[in-house]
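Biologist: I would like a close look at one part of this fold, and then a walk outward from there. Please keep it brisk.

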Amino acid sequence: MKVMPLKALALNCSLKSDPNEKSSTDAMISVLTDAFKQHEVAITRTVRVASLNIKPGVTSDEGKGDDWPALRREMLDHEILIFGGPIWMGQVSSVAKRVLERLDAFLAETDDQGRMPSYSKIAVAAIVGNEDGAHFSSAQIFQALNDVGFTIPAVAACYWVGEAMGSVDFKDLDDVPDKVTETAAMVAGNASHLASLLKASPYTG
């Protein structure tokens, strides 16, 4: 039986709503995109979440004008989710939290085996900032995503944190630091390996 190629969708939870405005989160997602290509995983697109009307709530459809249902369908059409965002005040952005809140609906959307829609889907994180908080942000993201059914592989976060209160952002760097590149390779390798296994043999529930 022919195995279909793996696909990944990236969410950029920057506070910048204009997709054309440069974003350090986009820059980090690009590093992971290059790493995933080495494993024949296609990042189909990067979604600038703040450009959408993602309404507050904890259901999969909050009514007229809500852009979440379409984004939800797109996420579930991929094997890997790259959850990207900046650190603000030492934690994930408000945009990221809105996404996590909407994913809470999965808890009540189980099949007859108790599996949420996200079962057998892989999630990794791309985090950037100019202050402490990368580990705390990844902890927030991973615990929440695991609660709603996503699988977190070993070494699942690629991050860069600049000087506290500094003026240089990740997108401003002339070169990607070696440690970031090395970590991205590990993230992509582990995520693609686990995604392949779960696609071939999903959780039984």
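Biologist: Which residues does Leu32 touch, not counting residues up to four places away in sequence?

Modeller: A caution first: this is a predicted model. Leu32 touches Ile82, Ala125, Ala126, Cys158, Ala184 and Val187, with residues up to four places away in sequence not counted. Leu32 itself sits in helix H1. Its relative accessible area is 0%, so Leu32 is buried. For a long-range distance, take Gly114. Gly114 lies 82 residues from Leu32 along the chain, and their C-alpha atoms are separated by 32 Å.

One of the residues that Leu32 touches is a cysteine, Cys158. Cys158 is buried because its relative accessibility is 1%. Its sulfur makes no bond, because the closest cysteine sulfur, in Cys13, is 16 Å away and that is too far. The structure holds 0 disulfides. Cys13 is likewise in no disulfide, and its nearest cysteine sulfur is that of Cys158. Cys13 has 0% relative accessibility, so Cys13 also counts as buried.

Stay with the start of the chain. Asn12 belongs to strand E1. With a relative accessible area of 0%, Asn12 is buried. Its side chain has polar partners. A polar atom of that side chain lies 2.8 Å from the backbone nitrogen of Ser14. The side chains of Asn12 and Asp26 are joined by a polar contact of 2.9 Å. Beyond its neighbours within four places in sequence, Asn12 is in contact with Ser23, Thr25, Asp26 and Ile29, and also with Thr46, Val47, Arg48, Val49 and Gly84.

After H1 comes a loop residue to check. Glu40 lies in the loop between H1 and E2. At 68% relative accessibility, Glu40 counts as exposed. Glu40 and Leu6 are 34 residues apart in sequence, yet their C-alpha atoms are 7.4 Å apart in space.

Next, the loop that follows E2. Ser60 is found there, between strand E2 (42-48) and helix H2 (68-76). Ser60 counts as buried, at 15% relative accessibility. Two side-chain polar contacts involve Ser60. One joins Ser60 to Arg72 at 3.0 Å. The other joins Ser60 to the side chain of Glu109 at 2.7 Å. Leaving aside neighbours within four places in sequence, the contacts of Ser60 are Trp68, Pro69, Arg72, Arg102, Ala105 and Glu109.

Three of those names lead into H2. Trp68, Pro69 and Arg72 are buried there, as are Leu71 and Met75. These buried residues cover an arc of only 165° around the axis, so they lie on the same side of H2. Their cover includes strand E1 (7-12), E2, strand E3 (80-88) and helix H3 (94-103).

Now for the empty space. Rolling a probe the size of a water molecule over the atoms shows where empty space is left. In this model, the largest pocket holds about 280 Å³ of space. It is lined by 16 residues, and those closest to its centre are Lys16, Pro86, Trp88, Asn130 and Asp169. Helix H1 (24-37), E3 and strand E5 (122-129) each give two or more residues to the lining. E3 gives the most, with 3 residues. H1, the helix that holds Leu32, is thus one of the elements named for this lining.

Two backbone angles deserve a look before any further modelling. Met89 is not a glycine, and its phi is positive, near 55°. Met89 lies in the loop between E3 and strand E4 (91-92). Its relative accessibility is 76%, so Met89 counts as exposed. Val155 also has a positive phi, about 50°, although Val155 is not a glycine. Val155 is in the loop between helix H4 (134-147) and strand E6 (157-161). With a relative accessible area of 42%, Val155 is partly exposed.

Back to the starting point: Leu32 is a buried residue, and its contacts include Cys158.

Definitions and conventions:
Residues numbered from 1 in each chain as written. Predicted model: local features only at pLDDT ≥ 70, side-chain atom pairs only at ≥ 80, totals over all residues. Heavy atoms only, no water. Disulfide = S-S within 2.5 Å. Buried < 20%, exposed > 50% of the residue type's maximum accessible area, 1.4 Å probe, protein only. Helix = DSSP H or I, 4+ residues; strand = E, 2+ residues; numbered from the N terminus. Polar contact = N/O pair within 3.5 Å; in protein donor to acceptor, adjacent residues only side chain to side chain. Contact = heavy atoms within 4.5 Å. Arc of directions from axis to C-beta. 1 Å grid on protein atoms, 1.4 Å probe; cavity = no way out; pocket = protein on both sides within 12 Å on 5 of 7 lines; lining within 4 Å. Points joined across faces, edges and corners; volume = space filled by probe spheres on them.
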